[in-house]
Amino acid sequence: MSLQLNAIGRVSSPLIDLESAPNQGDEGAPEAWLVFDPGVLAGLEGIRPGDEVVVLTWLDRARRDILRVHPRGDTSRPQQGVFGTRSPHRPNPIGLHRVVITEIDANRVRVRDLEALDGTPILDLKPVLSSDVGER
C-alpha cells in the first residue's frame, strides 16, 4: 500500500543539524515558529496562545533503513527495535512533538519545546485533550 502526505508548513528553528538538537523537546529545545502554508490558515481557527498541541512532522533528514538502535544513542544499552524508542530513524519518520503555543502571528505559530530542525515539514497539528475534556 502506498500513501501520499502533503506538508502543510515548515518549522523555522535555530536548530540546523541533528547533533545540535536535543533528543526531546523538554531537554532544552528552543522556541520555534510553525510557518503554515496560506491554503491551510482556516485550519488554525480556534487555537490560541497557552494551548498545548501535538505537532506531527516528517523527519526528512532521518534514515529510513534502520530498524534497531541503541535507545537514546547510548551504546552501553543493548539495541532494540525502533518501534520501542523515540528514534527519528525508522521506516516512516513521523515526528510527534508535544508543545505549547506562545504566540500566533498570521500564518506563524510560535511554540516552545520543539526539537525539530529548521525546515522540517509539518504534517498536522492536533490539540492535546485532557481526560475530562470532550473532543473539540
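Pro30 is placed in the loop between β1 and β2 (32-36). In this predicted model, Pro30 has a relative accessible area of 23% and is therefore classed as partly exposed, the lower bound of that class being 20%. Leaving aside residues up to four places away in sequence, Pro30 touches Ser13, Pro14, Leu15, Asp113 and Leu114. For one of these partners, Pro14, the C-alpha separation from Pro30 is 7.4 Å, with the two positions 16 residues apart along the chain.

Asp113, also among the residues touched by Pro30, belongs to the loop between β7 and β8. The phi angle of Asp113 is positive, at about 70°, although Asp113 is not a glycine. With a relative accessibility of 29%, Asp113 counts as partly exposed. A positive phi is also found at Ala106, a residue other than glycine, where the value is near 60°. Ala106 sits in the loop between β6 (94-105) and β7 (108-112). The relative accessible area of Ala106 is 64%, and Ala106 is therefore classed as exposed, a class that begins over 50%.

Two arginines in loops were also examined. Arg61 is located in the loop between β3 (52-58) and β4, and its relative accessible area of 34% makes it partly exposed. Between Arg61 and Pro88, which are 27 residues apart in sequence, the C-alpha to C-alpha distance is 8.7 Å. Arg86 lies in the loop that joins β5 (80-81) to β6. Arg86 is exposed, at a relative accessible area of 51%. The C-alpha atoms of Arg86 and Leu96 are 9.0 Å apart, and the two residues are separated by ten residues in sequence.

The secondary structure of the protein consists of eight strands and zero helices. Read from the N terminus, the order of elements is accordingly β-β-β-β-β-β-β-β. Among these elements, mean pLDDT is highest for strand β1 (residues 9-12), at 98, and lowest for strand β4 (residues 68-69), at 88. For the protein, the mean pLDDT is 87, and 87% of the residues reach 70 or more.

Of the contacts in the protein with a separation of 6 or more, 74% are between residues 24 or more positions apart. The protein has 136 residues, of which 36% are buried. The exposed area of the protein is about 8400 Å², and carbon and sulfur atoms supply 50% of this area.

The second largest pocket was also described. Its space amounts to about 190 Å³. The lining of this pocket comprises 15 residues, with Gly43, Leu44, Ile47, Leu125 and Lys126 lying nearest the pocket centre. Strand β8 (residues 121-127) provides the largest share of the lining, namely four residues. By residue class, the lining contains eight nonpolar, five charged and two polar residues.

Key. Residues are numbered from 1 along each chain as its sequence is written. This is a predicted model: local features need pLDDT of at least 70, side-chain atom pairs count only at pLDDT 80 or more; totals for chains, interfaces and linings use all residues. Side-chain values use heavy atoms; hydrogens and water are left out. pLDDT is the predictor's confidence in each residue, from 0 to 100. On a 1 Å grid over the protein atoms alone, a cavity is a set of points where a 1.4 Å probe fits but cannot get out, and a pocket is an open set with protein on both sides within 12 Å along at least five of seven lines; lining residues have an atom within 4 Å of a point. Grid points are joined across faces, edges and corners, and a volume is the space filled by probe spheres set on the points. Ala, Val, Leu, Ile, Met, Phe, Trp, Tyr, Cys and Pro count as nonpolar, Asp, Glu, Lys and Arg as charged, and the others, Gly among them, as polar. Buried means under 20% relative accessible area, exposed over 50%, partly exposed in between (1.4 Å probe, protein chains only). Contact means heavy atoms within 4.5 Å. Accessible areas come from the Shrake-Rupley method with a 1.4 Å probe; for residues, only the protein chains shown count as cover.
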